[in-house]
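Work through the following exercises with the sequence and the structure open beside you. Each task is followed by a solution that goes step by step.

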Amino acid sequence: MALFHKVLRGTYILRKCSKPTSALHPLLGIRFADYSSSLQKPVASPGKASSQRKTEGGLQGHHQKEAALDITCPEEKPDVSFDKAIRDEAMDHFRRLKDEIVNHWKGPEGRPLQEALLEQAKVVWQFRGKEDLDKWRVTSDKTIGGRSEVFLKMGKNNQSALLYGTLSSEAPQDGESARSGYCAMISRIPRGAFERKLSYDWSQFNTLYLRVRGDGRPWMVNIKEDTDFLQRTNQMYSYFMFTRGGPYWQEVKIPFSKFFFSNRGRIRDVQHELLLDKISSIGFTLADKVDGPFFLEIDFIGVFTDPAHTEEFAYENSPELNPRLFK
């Protein structure tokens, strides 16, 4: 089979280059020589014109599939310029950097400062197409050898995102992990020009606002601050979101003052207030130890200012737990 493929490929290259060759491969023998000679149009008599046209038509139909292959002649080199590709990429990043600088001078996100200060609500993430799904990633305990599965796709009529899968609390058989069973959906960190990390500024809002539809399971909403310190990569702020199930949508409002501080999944005794001007990502985690299928449908995720909520921090700190706050 491999030899037959080489014969066909060599035949097509010879026909496309249309150059006679005097040296023939010894393994091909007379068959290749006869076929190469048959490519040349012989001088036919008028009486044999019709039979010759039939022969040429049959030959063309026989090699139709072969001619469909996009095999270029060795002398035809594609025009590829790595310098041009690098130059275009650099120019694209410089254009993005210029837009960021201009928008910074105009105001937050290119809007007038007065308009941004008077804003009472804002939609940060919504799901209306594949480009909205690309801003998120999903993960599960499969990364440590678990059996949970999670998927993310567009909902009905491309008006929502559907997070679904199967949760399994069976611990991996590696001799090290004693517990398992979680699935998560995490937003990607926004990137600017030259792949710089950006952050969200929610300092003028006090409440997280979601429109979701679930199956009655409790979810953990996690918010991460933008930080470059390695020892703080596992730190986050979390709070619970309870879905009631059923066919109806529900609006979830969680004040930022309710989010508690945790590190490596453990709630810390010393609590810190969430810094809303340096938000890097938000996520949803399911780990309720109930094996079976699940789903969570999300319409949008936003923030807004609730004038009735005046609480600044919901958790107390004593001098014994955090003496630095009372110096």
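**Exercise 1. The largest pocket**

Task: Find how much space lies in the largest pocket, and describe which residues line the pocket.

Solution: In this predicted model, the largest pocket holds about 1,400 Å³ of space. The next step is to look at its lining, which is made up of 41 residues, and N222, M236, R264, G265 and T285 are the ones that lie nearest the centre of the pocket. If we then ask which elements give two or more residues to this lining, we arrive at strands β2 (136-140), β5, β7, β8 (235-242), β10, β11 (266-267) and β12. Sorting the lining residues by character, finally, gives 16 nonpolar, 14 polar and 11 charged residues.

**Exercise 2. Aromatic pairs**

Task: Decide how the rings of W125 and Y200 are arranged, and do likewise for W219 and F294.

Solution: A pair of aromatic rings is described by the distance of the centres and the angle of the planes. Rings pair if their centres lie within 6.5 Å, and planes over 60 degrees apart count as edge-to-face; by this rule there are 18 aromatic pairs in the structure. For W125 and Y200 the centres are 5.2 Å apart and the planes stand at 65 degrees, so this pair is edge-to-face. W125 belongs to strand β1 (residues 121-126), while Y200 sits in the loop between β5 (183-187) and β6 (207-214), so the pair ties together parts that are 75 residues apart in sequence. Both W125 and Y200 are buried.

Turning to W219 and F294, we find ring centres 5.8 Å apart and planes at 70 degrees, so this pair is edge-to-face as well. The pair links distant parts of the chain, with W219 in strand β7 (residues 218-225) and F294 in strand β13 (residues 292-304), 75 residues apart. Since buried means under 20% relative accessible area, W219 at 1% is buried, and F294 at 3% is buried too.

As a last step, consider the aromatic cluster that includes W125 and Y200, among whose other members are F127, W136 and W202.

**Exercise 3. Salt bridges**

Task: Describe the salt bridge between R211 and D299, and state whether each partner is buried or partly exposed.

Solution: The structure holds 10 salt bridges, and in the one between R211 and D299 the closest N and O atoms are 2.8 Å apart. This pair links distant parts of the chain, R211 being in strand β6 and D299 in strand β13, 88 residues apart. R211, with 25% relative accessibility, counts as partly exposed, whereas D299 is buried, with a relative accessible area of 8%.

Task: Where in the chain do the partners R217 and D288 lie, and where do E311 and K258 lie?

Solution: The side chains of R217 and D288 meet in a salt bridge with an N to O distance of 2.9 Å. R217 is in the loop between β6 and β7, and D288 is in the loop between β12 (279-286) and β13, 71 residues apart. R217 counts as buried, at 9% relative accessibility.

The side chains of E311 and K258 also meet in a salt bridge, at 3.3 Å from N to O. Here E311 is in the segment after β13 and K258 is in the loop between β9 (250-255) and β10 (260-263), 53 residues apart. E311 is partly exposed, at 32%, and K258 counts as partly exposed, at 26%.

Note on methods
Residues numbered from 1 in each chain as written. Predicted model: local features only at pLDDT ≥ 70, side-chain atom pairs only at ≥ 80, totals over all residues. Heavy atoms only, no water. Phe/Tyr/Trp six-rings, centres within 6.5 Å; stacked < 30°, edge-to-face > 60°. Helix = DSSP H or I, 4+ residues; strand = E, 2+ residues; numbered from the N terminus. Buried < 20%, exposed > 50% of the residue type's maximum accessible area, 1.4 Å probe, protein only. Salt bridge = Lys/Arg side-chain N within 4 Å of Asp/Glu carboxyl O. 1 Å grid on protein atoms, 1.4 Å probe; cavity = no way out; pocket = protein on both sides within 12 Å on 5 of 7 lines; lining within 4 Å. Points joined across faces, edges and corners; volume = space filled by probe spheres on them. Nonpolar A, V, L, I, M, F, W, Y, C, P; charged D, E, K, R; others polar.
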